[in-house]
Amino acid sequence: MADKVRVALDAMGGDNAPGEIVKGAVLAVNEREELSVFLVGKEELIRKELEGQTYPKDRITIVNATEDISCDEPPVYAVRKKRDSSIVVAMNLVHTGQADAFVSAGSTGAVLVGAVIYIKRIRGVERTPLAPLIPTEKGVSLLIDCGANVDAKPSQLLQFARMGSIYMENVVGIKNPTVGLVNVGVEEEKGNALVKDTYPLMKEMKDINFVGSVEAREIPHGAADVIVCDAFVGNVILKLYEGLASTLVSKIKEGMMSTTRGKIGGALAKPALKKTLKQFDASEHGGAPMLGLNGLVVKSHGNSNAKEIKNSLIQCITFVSQDIEGKIREKLGASAGEGDEN
């Protein structure tokens, strides 16, 4: 385990900032002594949220940033013009080596743009995907890409498969993880042009455990450890996953509370049901890492609560201690291309 992991946290990003963000930082440093956090944002507001909190004072540092980037601002313009925003200031801490990782629940567009501009891609990496862990019957799978590259090329999906395999083996601990390509059928000849071009190339790859095409309905059953697709498809899968999960929980509660018998049965089943539903709670898995950068960037949900922020910070410890960045550089860095150019 790394002796110390330093994370720059965007204290002003997300629907519940800065309150839940600051609480998440406090929970994280109290739980993991090897973690230290830079809370980046408006100092006065952050100090107010820290009042009355108990935490090791030497492991939370406030870094003042006077500007915010909202979700409705054009990302490229905002990142280039608002140099004193919490996102840009925090990313520069990673760029200059003062922090090992960056976490934000703020504007996804600004985070993606800022990561490429300030932290930059590893040379040889064509595109940097967002890769969240999603719950399945067998545990979790890595969905890659879920939001960074809507129009991908076959060569990029091949890299996603390699990076996803590295992540699942070293962070989640799954040896020789299986890789599936999202498709509308399991037959090799099915799919759109991207999938048809990618499938035979992925089939020939010797350094991944490719199991073929995966249909969307099989993803919740754990059809593959690494689920590869472009960001358009991945984002649709992720949003449907989240929406369906919340709807099912709501309907189960509604059904249990509708009759006296249901209430009694619900009370008896509550412990087991709570344990099961916890596995499908997005906040349990932290945020989505952006793989292939010269430093770790983790994007949390915009409505993240303190628990999800805490878990996003803690997942940085494993990523850094396992040197995922170094392993990706070793595996993909020799590829052709100017990966660190914008």
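Student: Buried means under 20% relative accessible area, exposed over 50%, and partly exposed lies in between (1.4 Å probe, protein chains only). Which of these is glutamate 43?

Tutor: Glutamate 43 is partly exposed, with a relative accessible area of 29%. Please note that this is a predicted model, in which local features need pLDDT of at least 70 and side-chain atom pairs count only at pLDDT 80 or more, while totals for chains, interfaces and linings use all residues. Residues are numbered from 1 along each chain as its sequence is written, and side-chain values use heavy atoms, with hydrogens and water left out.

Student: Which side chain meets glutamate 43 in a salt bridge?

Tutor: Arginine 47 does, at 2.9 Å from N to O. A salt bridge is a side-chain nitrogen of Lys or Arg within 4 Å of a carboxyl oxygen of Asp or Glu.

Student: Where do the two residues lie?

Tutor: Both are in helix 2, 4 residues apart, about one turn of the helix. Helices (H or I, at least four residues) and strands (E, at least two) are DSSP runs, numbered from the N terminus.

Student: How many salt bridges are there in the whole structure?

Tutor: A search finds 14. One of them joins aspartate 68 and lysine 42, at 3.3 Å from N to O. That pair links distant parts of the chain, 26 residues apart.

Student: Which residues form a network?

Tutor: Arg162, Asp207 and Lys331 are linked in a network of salt bridges.
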